[in-house]
Amino acid sequence: MTETKTDGATLAPPVLILLGPPGAGKGTQARMLQKRYGLVQLSTGDLLRAAVAEGSEAGKAADKVMKSGGLVSDDIVIAILRDRLAAPDTAKGVILDGFPRTTVQAEALDDLLAESGQQIDAAISLEVDDEAMVHRIAGRYACAACGEGYHDSFKQPQVEGVCDVCGASNMKRRADDNAETVAERLAAYHRQTAPLITYYEKRGALQRIDAMGPIDEIATTVSRAVSKATKG
Ligand SMILES: [Zn+2]
């Protein structure tokens, strides 16, 4: 056998970043990638909780800061991430969710990955139409009795105010699902993410994906982007 690798691809496990505003379906897509590619989703909150529970050195440091009501520093998060990326369950790669949030963090992450010959393979940005998103989220309501979901425009019950499934007439809306709050959440997301989008775009790692269509179609597009990025 004289087979040689000619593409120079490293065998380092893929590292993906998932970006997207609340309601864009990040969780759904992350679960799909987990199932399909064996990638492990790492969200900052989960990482911190696990490190604290484990009592690692970085976990203890994080615990101390959180108990005093402070914000865990980038250095601590990076140290926790370093430990986590060395764990055997991440051998097939990871999806980062919620980190990095700033370009300073993105640079620190690049340095960390470089230590093990890794890099960001793709920053997948789930893109939404803000106006349509406000309409979609602000129109949601549900039956208080059985939880069946309804929508002002897309799914009204047959009799107004009466649940099709259980017949109860107590519909509820989440307080933070009003148009103003949703628009504010989106604006905050764009403010915070814009520099990161630029950062990964410059590096050629950004993959913009239209997240307004059917979930299956989005999943197919995300899969294609991941396969391309990881040559898998
Ligand atoms: Zn009901």
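Student: What makes the way α1 passes α8 a right-handed crossing?

Tutor: α1 passes α8 in a right-handed crossing because the near helix is turned clockwise from the far one by less than a right angle; anticlockwise would be left-handed. By the way, this is a predicted model: local features need pLDDT of at least 70, side-chain atom pairs need 80 or more, and totals for chains, interfaces and linings use all residues. Residues are numbered from 1 along each chain as its sequence is written.

Student: Why are α1 and α8 called oblique?

Tutor: Helix α1 (residues 26-37) and helix α8 (residues 215-230) pack at about 55 degrees, with axes 10 Å apart. Under 35 degrees would be roughly parallel, over 145 roughly antiparallel, 65 to 115 roughly perpendicular, and the rest oblique. So α1 and α8 are oblique to each other. Among the residues making the contact (C-beta atoms, placed from the backbone, within 7 Å) are Met32 and Leu33 of α1 and Ile218 and Val222 of α8.

Student: Now α3: which of its residues are buried?

Tutor: In α3 (residues 57-67), Ala58, Gly59 and Ala62 are buried, having 20 or more other C-beta atoms within 10 Å of their own, whereas 12 or fewer counts as exposed and in between as partly exposed.

Student: How do you know that those residues share a side of α3?

Tutor: They cover an arc of only 100 degrees around the axis, which puts them on the same side of α3. Glu57 and Lys67, on the other side, are exposed.

Student: What do the buried residues of α3 pack against?

Tutor: Their partners are α2 (44-54) and α4 (74-85).

Terms used
Helix = DSSP H or I, 4+ residues; strand = E, 2+ residues; numbered from the N terminus. Arc of directions from axis to C-beta. Contact = placed C-beta atoms within 7 Å. Axes fitted to C-alpha atoms, helices over the stretch in contact; angles between N-to-C directions.
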